[in-house]
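The following exercises ask the reader to work from a structure to a description of it. Each task is followed by a solution in steps.

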Amino acid sequence: MEVEAAGGSAGEIRWSKLGTSLPVANVQALVASAGELTVDQIERYIQPDIDAHAVLPEHSGEVPVIDLSNLLSPESVEAEAAKLRFACAEWGFFQVVNHGIPDEVITDIKQDIQKFFQLPLEVKNAYAQRPGDLQGYGQAFVVSDDQKLDWSDLIALFAQPTQGRDMSYWPTQPHTFRNSVEEYSLEVMKLAHSLNVFIAKTLDVAPELLADKHVAQFLRMSYYPPCTSMPKKVLGFSPHSDGSFLTILLEINSVQGLQIRRSGAWIPVKPRHDALLVNVGDLLEIMSNGKYKSIEHRVTINAHKERLSISAFHVPNYDGIISPILGTTEEKMLYKTVGVEEYARLYFANKLEGKRALDYAKLSGI
């Protein structure tokens, strides 16, 4: 299904116009052309604070795993919902298995993303980002000429609802790419809906209150080249939380790199081959009044192997608002009501820097 943006509503189309990223060098091309890179060549990518917090790989096995089939079974739903509540409240992150997305859909999207990033640079640049648009091939969150850069390239697409798409950004090579993205996007939307139904249950609120919180979907396909020169000094993505309601990530290959921040340290994530990774976004933290925490995360780089992933960011209606839901009359409100557009503009206008954007929504004195 290929739907042109011209038929979309103004709100849907405006989603991708909420920010822009300054053009910078293509990292994949830099690695391919330079051989052994010098410090001068990668100086802008070197992160001075990369070692500010400990990395604790021994805790990787503690990352929660949620079985969707148990949530869908009357016999096991209560126990699994308790695990989901714990995962959202204590980790802000979990792996989901038995998610219901057909194997062939996952195989197809993995193959086509790998094939896209293997294309010549001039072919990929046909889908390059344009000023004033978040979509396209390039980088993200580059807002100044002197900030540190991430060691990655990406292509971002507005996928749902279909009326908001701009197909000029959707690659036609490989020839199956558009269909693979379409099928995957629809399946992940279904998964987001199922998860939100049960997240509502864990918050003791009606699922209808969350129904409009995941109606739009952005896809970001990321390529993290190896860095043989200084892999311990560069990052594929700087530390940040997501400005979404819920994010669902699929690892394309088996190269690890994702780390989540917990108790002041970084925990490397070892994805299960049969799992998708899910994290709480800033907007869910606001709506839950801080009961569920958006997770700060970053991506490290392998010295010898490339890493690829696809993230699906699920967000509310462009013109909507997010208000904290209080569980009792005694519960103190910790966050203010924010407009979705207002928060998104703030989020995309700045470089990635931990959970700084969320400070805007916190009430004074917190």
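**Exercise 1. Cavities**

How many cavities of 30 Å³ or more does the count give? Describe the second largest cavity and its lining.

*Solution.* The model is predicted.

Step 1. The count comes to 2 cavities of 30 Å³ or more.

Step 2. The second largest cavity holds about 130 Å³ of space. Its lining consists of 16 residues, and those nearest the centre are Arg 220, Leu 249, Leu 258, His 297 and Ser 311.

Step 3. Sorted by class, this lining has 7 nonpolar, 6 polar and 3 charged residues.

Step 4. At least two lining residues are supplied by each of strand E5 (216–224), strand E6 (235–240), strand E7 (246–251), strand E11 (297–300) and strand E12 (307–315). The largest share, 4 residues, comes from E12.

**Exercise 2. The second largest pocket**

Which residues lie closest to the centre of the second largest pocket, and which strands each supply at least two residues of its lining?

*Solution.*

Step 1. The volume of the second largest pocket is about 380 Å³. It is lined by 21 residues, with Pro 231, Lys 232, Gln 259, Thr 300 and Ile 301 closest to the centre.

Step 2. Strand E8 (258–262) and E11 each contribute at least two residues to the lining of this pocket. E11 also supplies at least two residues to the lining of the second largest cavity.

Step 3. By class, the pocket lining divides into 10 nonpolar, 7 polar and 4 charged residues.

**Exercise 3. Aromatic pairs**

Find how many aromatic pairs the whole structure contains, and classify the pair formed by Phe 116 and Tyr 137 and the pair formed by Phe 117 and Tyr 137.

*Solution.*

Step 1. A pair of aromatic rings is described by the distance between the centres and the angle between the planes. The search of the whole structure yields 8 aromatic pairs.

Step 2. For Phe 116 and Tyr 137, the centres are 5.9 Å apart and the planes make an angle of 85°. An angle over 60 degrees counts as edge-to-face, and this pair is accordingly edge-to-face.

Step 3. Phe 116 belongs to helix H6 (residues 103–117) and Tyr 137 to strand E3 (residues 136–138), so that the pair links distant parts of the chain, 21 residues apart. Both Phe 116 and Tyr 137 are buried.

Step 4. For Phe 117 and Tyr 137, the distance is 6.4 Å centre to centre and the angle between the planes is 50°, which makes the pair tilted. Because Phe 117 lies in helix H6 and Tyr 137 in strand E3, this pair ties together parts that are 20 residues apart in sequence.

Step 5. Buried means under 20% relative accessible area. Phe 117 has 1% and is therefore buried; Tyr 137 has 3% and is therefore buried.

Step 6. Ring pairs join Phe 116, Phe 117, Tyr 137, Phe 177 and Tyr 223 into a cluster.

**Exercise 4. Charges over rings**

Over which ring does the charged end of Arg 261 sit, and over which ring that of Arg 262?

*Solution.*

Step 1. The charged end of Arg 261 sits over the ring of Trp 266, at 6.0 Å from the ring centre.

Step 2. The charged end of Arg 262 sits over the ring of Trp 91, at 4.0 Å from the ring centre.

**Exercise 5. Two residues in their surroundings**

Where is Val 205 placed, and is it buried or exposed? Describe Ile 322 in the same manner.

*Solution.*

Step 1. Val 205 is in the loop between helix H8 (177–202) and E5. Its relative accessible area is 14%, so Val 205 is buried.

Step 2. Leaving out residues up to four places away in sequence, Val 205 touches Ala 200, Leu 210 and Ile 325. Between Val 205 and Gly 327 the C-alpha to C-alpha distance is 8.7 Å, although they are 122 residues apart in sequence.

Step 3. Ile 322 is found in strand E13 (residues 321–322). With 0% relative accessibility, Ile 322 therefore counts as buried.

Step 4. With residues up to four places away in sequence again left out, Ile 322 touches residues including Lys 213, Leu 283, Met 287 and Val 340. Ile 322 and Gly 339 are 17 residues apart in sequence, with 6.3 Å from C-alpha to C-alpha.

**Exercise 6. The whole chain**

How many helices and strands are there in the protein chain, and what percentage of its residues count as buried?

*Solution.*

Step 1. The protein chain has 11 helices and 14 strands.

Step 2. Of its 366 residues, 55% count as buried.

Step 3. Among contacts between residues at least 6 apart in sequence, 80% join residues at least 24 apart.

Terms used: Residues are numbered from 1 along each chain as its sequence is written. This is a predicted model: local features need pLDDT of at least 70, side-chain atom pairs count only at pLDDT 80 or more; totals for chains, interfaces and linings use all residues. Side-chain values use heavy atoms; hydrogens and water are left out. Rings of Phe, Tyr and Trp (its six-membered ring) pair if their centres lie within 6.5 Å; planes under 30 degrees apart count as stacked, over 60 as edge-to-face and the rest as tilted. Buried means under 20% relative accessible area, exposed over 50%, partly exposed in between (1.4 Å probe, protein chains only). A charge sits over a ring if NZ of Lys or CZ of Arg is within 6 Å of the ring centre and within 35 degrees of the ring normal. On a 1 Å grid over the protein atoms alone, a cavity is a set of points where a 1.4 Å probe fits but cannot get out, and a pocket is an open set with protein on both sides within 12 Å along at least five of seven lines; lining residues have an atom within 4 Å of a point. Grid points are joined across faces, edges and corners, and a volume is the space filled by probe spheres set on the points. Ala, Val, Leu, Ile, Met, Phe, Trp, Tyr, Cys and Pro count as nonpolar, Asp, Glu, Lys and Arg as charged, and the others, Gly among them, as polar. Contact means heavy atoms within 4.5 Å.
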